[in-house]
Amino acid sequence: MRTKTLLCLALITMLITGLSITLQKYDPGNNETQLITGRGNPKTLKLTFERWKQRYTRNQGGEILSLPLAYSRAFSKETLSATGSIQINLLDGKTEVTVMGLDNRNEYDLWFIDNQKEPDLSHSANRKVKIGSLQYKDETHQILTWLNRSKLEGFKLDQVVVAKVNQTPNNGGLLYGSPSFFQRLFYTDQLWTITDIGNISHPENQGRVATPFQFLLPKPVLADGLHRNLEVILGEQIAKGRDLFINETFDGNGRTCETCHRLDNNHTIDPNYIAKLRDDDPLFVHENNPDLANLENAQLIRQLALFKANIDGFDKPATLRAAPHTLSLGLSMGKEPAAKDPEIQHCEDMLGWSGDGSPNCGSLRMFVIGAIIQHLPRTLGRTEGEDFRLPTEDELDAIEAYLLSLGRQDPWNLDSMAFSSPIVEKGKELFHSKDPSSGPFTMGTGECKGCHFHAGAISSSTLANGNRNTGIEDLPHPMHRLIDATIPIDGGFGDTVNSDCGINNDQPCYGNKKFSMVDAFRADTAPFFHNHSVNTIEEAVAFYNSDAFNNADDRGIKMESSTVVAIALFLRTLSAVDNVDSAYQQLEHSKGLNRIRHSRKIIHQALADSSDATEVLMGGQVNANPEALILVNRAIKKQKKARKTWSWNRRKQVLTQAQTLLMAARDAMVTE
């Protein structure tokens with residue numbers, strides 16, 4: 001009996017011990033409250049929102065909702081170049097519309113659309129309200145009216161449409177505009193916006209609970225708690241947007257946003273990455289589905305990671321472009337003033353390789369819609385409801401939040417940075433300095449500062465993203481046309497016919513030959529330029545020595561080979577620092593995730609950034625930062641160990657050790 005009792009006690013002890021080990025192994029905790037934001041960062045999104053809010057209130061005043069109106073390849077029933085804008089005063093309902101470029105022989109109506117619908121309702125059941133008719137005056141079509149509050153009771157404004165008279169927006173829609181995620185957030189009934197709206201232009205309205213027409217703006221679906229923290233709300237939107245970005249096919253061909261913008265590859269894709277994919281990856285849907293055989297150029301995807309893009313409209317030949325990374329959009333979407341470039345003034349956001357990556361130079365929301373229609377359809381008929389579904393407004397909010405939260409949102413300040421390597425320090429000086437006494441160009445320097453202020457994607461004179469004719473399409477023997485000579489010349493911005501394109505100025509193209517400024521410091525996103533025409537950052541810097549670049553706009557850049565190497569090593573180092581910063585942030589995020597499967601996914605992305613740091617440091621064949629390279633490699637070993645560690649507490653300890661090594665590597669490269 002005593003033996004049986006002792007045996008039972010032993011078994012119970014083993015069970016309790018095993019249960020204890022199991023609980024430690026699987027990290028108990030309430031994961032429902034844990035947000036998986038990945039590289040998306042609520043703090044940086046908040047910074048971007050605050051910066052946007054300052055510009056928006058300065059330009060319009062908080063009570064004026066302002067939207068651009070433009071042709072949309074996604075919705076418009078006719079191709080046209082007309083553009084305009086609408087201003088709605090949310091205090092008194094005053095609504096003004098001005099449109100340029102419409103045919104003055106026709107008449108047009110203004111419509112408001114509410115796309116919020118129950119799941120069982122069709123697209124045609126969306127609520128539509130006709131606001132009034134536009135009148136032709138002073139070579140523009142205009143309307144000035146006051147909104148009827150009772151007529152709009154319960155209405156949420158998702159789209160503004162200018163349509164042909166006596167036709168519905170579905171049948172006769174021409175110009176479209178939509179409130180952005182930031183506008184929706186700004187005009188919600190959250191405490192931080194109530195105070196702002198009450199104080200911006202009308203001090204007597206301080207303490208206002210709601211403006212009379214504020215109800216028109218549908219607030220983001222997750223922004224419900226009146227007293228909640230803004231970062232929490234943004235984090236919820238980022239997490240939802242990330243999930244949509246990775247997993248949502250929009251009832252299309254199986255591709256998602258991540259198919260071409262890989263999270264572990266700087267939100268882009270390159271030939272080496274593609275070479276490792278399985279043949280049944282959704283990227284190759286055109287190889288496996290006869291209905292989509294002409295969706296892509298199979299050779300150019302596998303060899304150069306170039307995708308067909310009907311940037312000039314589906315009625316014109318497709319160009320071949322790389323998948324641009326989607327990092328730091330909040331710093332690179334702003335357009336230059338009309339005095340600098342009047343051609344881009346109808347643009348809402350500067351997106352893609354030439355500023356008009358969004359259909360007809362539209363918004364980031366329209367960019368998402370355009371990508372779905374271009375890359376995700378079941379057939380090349382591209383019919384909504386049959387070949388894909390369009391995202392809901394709530395989905396667009398979330399995806400927009402996610403995209404705007406990626407990458408650096410605080411620009412570098414190269415004037416306050418010093419680099420440990422004298423070669424890198426000289427590269428910074430050559431990149432970011434200019435001798436004004438020597439005329440427009442200084443022999444021996446890169447003159448990079450003008451278009452890449454602080455190594456970013458903005459002009460030093462306008463502090464905005466602009467388009468320039470770089471001559472990149474005039475390079476002799478471009479790789480993509482050696483592979484396929486039928487590929488048309490990419491005309492860059494716009495869809496106007498141009499007949500003097502190409503190296504001999506005798507080829508047709510659509511556009512004005514201008515392409516957008518891009519971040520110069522992302523040496524980890526090779527190959528470079530919109531057509532992947534060069535393979536390394538050294539070749540990218542050397543391009544600005546070329547006849548193609550210098551002849552495009554009467555430039556005079558001349559750099560010795562040592563100058564090219566120094567500038568490239570500077571950009572490699574800056575890229576490594578950015579990768580270290582990104583890896584550190586993701587490890588911090590991972591430490592807050594107690595489920596091993598969630599934590600591992602984020603560690604995987606941190607490892608990708610850490611590996612990028614080592615690759616760019618070694619890729620120039622000159623090891624300008626040997627100590628930093630050793631420290632990053634040690635941090636990589638710690639991250640790999642943490643990825644295998646089941647215990648949450650132990651995993652956090654190892655990740656903290658990895659973070660310490662990453663920061664030491666940063667300090668070994670640069671001081672700020």
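User: If buried means under 20% relative accessible area and exposed means over 50%, is Lys591 buried or exposed?
Analyst: The model is predicted, and within it Lys591 belongs to helix H17, which covers residues 561-591. Beyond residues up to four places away in sequence, Lys591 touches Trp648, Lys652, Leu655, Thr656 and Gln659. Its relative accessibility is 16%, and because the cut-off for burial is 20%, Lys591 counts as buried.

User: What percentage of the residues in the protein is buried?
Analyst: The protein contains 20 helices and 17 strands. Its exposed area is about 29200 Å², with carbon and sulfur atoms supplying 52% of that area. Of the 672 residues in the protein, the buried part amounts to 56%.

User: Among contacts between residues at least 6 apart in sequence, what percentage joins residues at least 24 apart?
Analyst: Leu175 illustrates contacts beyond neighbours within four places in sequence, since its partners include Leu69, Tyr71, Leu102 and Val162. For the protein, among contacts between residues at least 6 apart, the share joining residues at least 24 apart is 66%.

User: Which helix gives the largest share of the largest nonpolar core?
Analyst: In soluble globular proteins, nonpolar side chains tend to be buried together. Here the largest nonpolar core has 75 residues, and Leu65, Ile86, Leu102, Leu110, Phe112, Leu175 and Leu216 touch the most other members. The largest share of this core is seven residues, and these come from helix H12 (residues 393-404).

User: How many residues form the second, separate core?
Analyst: Leu175, which touches many members of the largest core, has contacts that include Ala70, Leu80, Ala82 and Val99. The second core is separate and includes Val534, Leu574, Leu631 and Ala642. The number of residues in this second core is 62.

User: Which helix supplies the largest share of the lining of the largest cavity?
Analyst: Rolling a probe the size of a water molecule over the atoms shows where empty space is left. The search finds four cavities of 30 Å³ or more, and the largest holds about 600 Å³ of space. Its lining has 33 residues, with His261, Phe367, Gly370, Ala371 and His375 nearest its centre. Strand E9, strand E10, H11 and H12 each supply at least two lining residues, and the largest share, eight residues, comes from H11.

User: How many charged residues are in the lining of the second largest cavity?
Analyst: About 80 Å³ of space lies in this cavity. Its lining comprises 13 residues, and those nearest its centre are Asn469, Glu473, Asp474, Asp490 and Lys513. For the largest cavity, the lining by class has 21 nonpolar, 10 polar and two charged residues. For the second largest, there are five nonpolar and four polar residues, and the number of charged residues is four.

User: Which residues are joined by a cis peptide bond?
Analyst: Most residues other than glycine have a negative phi, and most peptide bonds are trans. Pro527 lies in the loop between strand E16 (515-516) and helix H15 (537-542). Omega is about -5 degrees for the cis bond that joins Ala526 and Pro527.

User: Is Phe250 buried or exposed?
Analyst: Phe250 has a positive phi near 55 degrees, although it is a residue other than glycine, and its place is the loop between helix H6 (230-247) and helix H7 (271-275). Its relative accessible area is 0%, so Phe250 is buried.

User: Is Asp554 buried or exposed?
Analyst: Asp554, likewise not a glycine, has a positive phi of about 55 degrees. It lies in the loop between helix H16 (547-552) and H17. Its relative accessibility is 70%, so Asp554 counts as exposed.

Key: Residues numbered from 1 in each chain as written. Heavy atoms only, no water. Core = buried A, V, L, I, M, F, W, Y, C linked by side-chain atoms within 4.5 Å. Buried < 20%, exposed > 50% of the residue type's maximum accessible area, 1.4 Å probe, protein only. Helix = DSSP H or I, 4+ residues; strand = E, 2+ residues; numbered from the N terminus. Contact = heavy atoms within 4.5 Å. Areas by Shrake-Rupley, 256 points an atom, 1.4 Å probe, with all protein chains shown as cover. 1 Å grid on protein atoms, 1.4 Å probe; cavity = no way out; pocket = protein on both sides within 12 Å on 5 of 7 lines; lining within 4 Å. Points joined across faces, edges and corners; volume = space filled by probe spheres on them. Nonpolar A, V, L, I, M, F, W, Y, C, P; charged D, E, K, R; others polar.
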